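Take a walk through this model, from the overall picture down to single residues. Keep the sequence beside the structure as you read.

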Amino acid sequence: MIPSPRRHRLAAAASLVLLACAVHAQTSDPAAPNSPAPIIERNAPPRPAVRPRVTAAKPASEPAAQPSALTADLFYEILMGEMTARSGDPGSGYALVLDAARRLRDGKLFQRAVEIALQSRSGDAALAAARAWQEALPTSRDARRIELQILIALNRIGETVEPLRAEVAATSQIERPLLMAVIARNYSRASDKKLAASVVERALVDELKSPTTGGLAWATVGRLRLNAGDNSGALEAARKGQEVDPASDAPPALALELIDPSQPLAEPIVTRYLASNTKATPDLRIAYARVLVENRRYNDAQTQLQALTTARPELAEPWLLLGSLQMQAKQDSAAETSLKRYIDLSSSQSNRDTDAADRKRGVTQAYLALSQLAERRKDLTGAERWLSRIDSTEDLTIAQTRRAGLLARQGKLPQAREIIRALPERTADDKKQKFLAEVQLLRDAKQYQAAYDMLAQASAAAPDDGDLVYDQAMVAEKLNRLDDMERLLRRLIQLKPESQNAYNALGYSFADRKIRLDEARTLIQKAVQLAPEDPFIADSLGWVEFRLGNTAEAIRILEAAYKTRPDPEIGAHFGEVLWSIGQKDRAVTIWKEALLSDAENETLQETLKRLRVKP
């Protein structure tokens, strides 16, 4: 016979009740602090009867079995509560289960009452059950945690001070870092974020003063202040945390997120920690180096990575980052050594690497960089050999684009274009990247008219695509179609008023031709406002100041730009300004450095030819 759905519900409810009864029967002291959760086992099959025998007396320390407080009435009440809740009347079911929980003082039943209330979307009822649980079992951490979660969900943040303080006090020192992370995550969801930060600060008042927990506690408060948009308050929290506990990495980790020209006091918190802690976590130094790169402070980032690779040469990731920076700085020999070191370490660590996907991406990046280094020294065979080691389908487009570039450099432009055209087009972005890669092949081969025609056709089909407009303007400049270039760049400024490249390119073109210099400076100054740390835009500003006759200011700007990024084009301009005031030896030294970086740079070669200099 097929049982009715009602009997199914009855059986399920009875099972839940029996489970609760088993828990209650096995828990001799449900309110005992730090006791492990009761283990519920299946009933063992009945054993065959045996004759009674005399047994030794139990040790005095073994607790006597406690009789269950579950009566027939309570059993029935729990059963009816479950049935009522499941049959569409959760309010009545909640009341019955909660009453049974109070009478039995059973944590599992209190938790079930909370669950019923939450399922019926009654936050107030869930909170009442959690607080009744707290009242019946004052030492229950589960009851306190659930009360905290419900209060935060109900946005009753002000009521969480005392339960949060009690929870922190009950947490062991070894578990505090995890607890602080949970606090920051949970309170960040509050709608009144400033109140959340204030409440957590009040709850952690004792931890904020402690030399062992102060750094972590202040960092937690700081993160909530940061979440509330109070950057200066977050910085103050990081500073106080470091004062209380200089060895904690939590305040400098917070300060890393605050490093910005508008917050000059954030970075010293990081540097003090790194300088005074010989056992500083490598992850923090790597993160600091990444922040420096994001702020275009490449030399400072390289210094940090060199310190880390010296102290911890067995770590793989710093070698990849260092090699990338060395390559960017045209320190090719050092870059090759660093990148090969990264590959060797990655191979030896692959079997115990917890993130093989990240490691594989890093190795692919190293292969691409080594290929580019080989290409720089005109070892095209070596460049192809490094590319052939890439087996990642995700990086197929990059590898094939590089192969096409190698073919183009050998005069095989048609074959190079075929490689690009054969690449898959899974998305619209894939199609665009293929198109731009083919245009770049034409530009590198100095086939400017063909590149211009391709861009003009694509731009006509997508007139609001700023990338196409900018690339077409740059090719127009190569064709000496300067009116077209100006028209296109002004259109780009209309399309993207925050495009620093458009302002910079237009201003530099005027400065380089010695026309409309005041307008050129205004355009470039706008680009500087949009990207104040960009050394190439600084180069343009220095160049226009030189054209305007402000030589001292030009030297100041160009020297800083060249120090930040020793690029051959910046070196060409810096050297020419020095040459113009008679500092010819220094100018020649800079030009020699630039030639070592890129002897084929067009601006550098044009400068040396015009000034009739052979460094």
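What follows starts with the whole chain and then turns to particular helices, loops and side chains.

This is a predicted model. Confidence therefore comes before detail, because where pLDDT is low, the predicted coordinates should not be read in detail. The mean pLDDT of the protein is 83. Of its residues, 85% reach 70 or more. The N-terminal stretch needs caution: pLDDT stays under 50 over residues 1-63. For that stretch the model has 42 contacts beyond four places in sequence.

The secondary structure comes to 33 helices and zero strands. The protein has 615 residues, and 45% of them count as buried. About 33,200 Å² is exposed. Carbon and sulfur atoms supply 52% of that area. How many of the contacts between residues at least 6 apart in sequence join residues at least 24 apart? The share is 52%.

Begin with helix α7, residues 161-170. Its buried residues are Val161, Pro163, Leu164, Glu167 and Val168. The spacing can be read against helix geometry. An α-helix has 3.6 residues a turn, so residues three or four places apart point the same way. What covers the buried residues of α7? The cover includes α6 (141-153), α8 (176-187), α9 (193-203) and α10 (205-209).

The loop between α6 and α7 holds asparagine 155. Its backbone deserves a look. Most residues other than glycine have a negative phi. Asparagine 155 has a positive phi, near 65 degrees. Is this residue buried or partly exposed? Asparagine 155 has 35% relative accessibility, so it counts as partly exposed.

Lysine 330 also has a positive phi, near 65 degrees. Lysine 330 sits in the loop between α17 (317-328) and α18 (332-349). At 24% relative accessibility, lysine 330 counts as partly exposed.

Now look at helix α16, residues 298-311, where glutamine 304 is found. Glutamine 304 has a relative accessibility of 15%, so it counts as buried. Which residues does glutamine 304 touch, not counting those up to four places away in sequence? They are Leu274, Arg285, Tyr288, Ala289 and Leu292.

Aspartate 430 lies in helix α23, residues 428-444. Aspartate 430 counts as buried, at 18% relative accessibility. Leaving out residues up to four places away in sequence, aspartate 430 touches Pro424 and Glu425. Threonine 397 is 33 residues from aspartate 430 in sequence. In space, their C-alpha atoms are 8.7 Å apart.

Further along, a charge meets a ring. Arginine 481 lies over the face of tyrosine 452. The distance from the ring centre is 4.2 Å.

Helix α27 covers residues 500-512. Does its length fit or miss the expected span? At 1.5 Å a residue, its 13 residues should span 18 Å, and the end C-alpha atoms are 18 Å apart, which agrees. The helix is largely enclosed by the rest of the structure, because 10 of its 13 residues are buried. The buried residues are Ala502, Tyr503, Asn504, Ala505, Leu506, Gly507, Tyr508, Ser509, Phe510 and Ala511. Their cover includes α25 (466-478), α26 (482-495), α28 (517-530), α29 (535-547) and α31. Just after α27, lysine 514 takes a positive phi of about 60 degrees.

One more topic remains: the aromatic rings. A pair of aromatic rings is described by the distance of the centres and the angle of the planes. With centres required to lie within 6.5 Å, the count comes to five aromatic pairs. One of them joins tryptophan 579 and tryptophan 591. Their centres are 5.5 Å apart, with 40 degrees between the planes. The pair is tilted, because that angle is neither under 30 nor over 60 degrees. Tryptophan 579 lies in helix α31 (residues 568-580) and tryptophan 591 in helix α32 (residues 584-597), so the pair ties together parts that are 12 residues apart in sequence. The two side chains can be read for exposure as well. Tryptophan 579 is partly exposed, with a relative accessible area of 21%. Tryptophan 591 counts as buried, at 0% relative accessibility.

Methods: Residues are numbered from 1 along each chain as its sequence is written. This is a predicted model: local features need pLDDT of at least 70, side-chain atom pairs count only at pLDDT 80 or more; totals for chains, interfaces and linings use all residues. Side-chain values use heavy atoms; hydrogens and water are left out. Rings of Phe, Tyr and Trp (its six-membered ring) pair if their centres lie within 6.5 Å; planes under 30 degrees apart count as stacked, over 60 as edge-to-face and the rest as tilted. Helices (H or I, at least four residues) and strands (E, at least two) are DSSP runs, numbered from the N terminus. Buried means under 20% relative accessible area, exposed over 50%, partly exposed in between (1.4 Å probe, protein chains only). A charge sits over a ring if NZ of Lys or CZ of Arg is within 6 Å of the ring centre and within 35 degrees of the ring normal. The expected span of a helix is 1.5 Å times one less than its number of residues. Contact means heavy atoms within 4.5 Å. pLDDT is the predictor's confidence in each residue, from 0 to 100. Accessible areas come from the Shrake-Rupley method with a 1.4 Å probe; for residues, only the protein chains shown count as cover.
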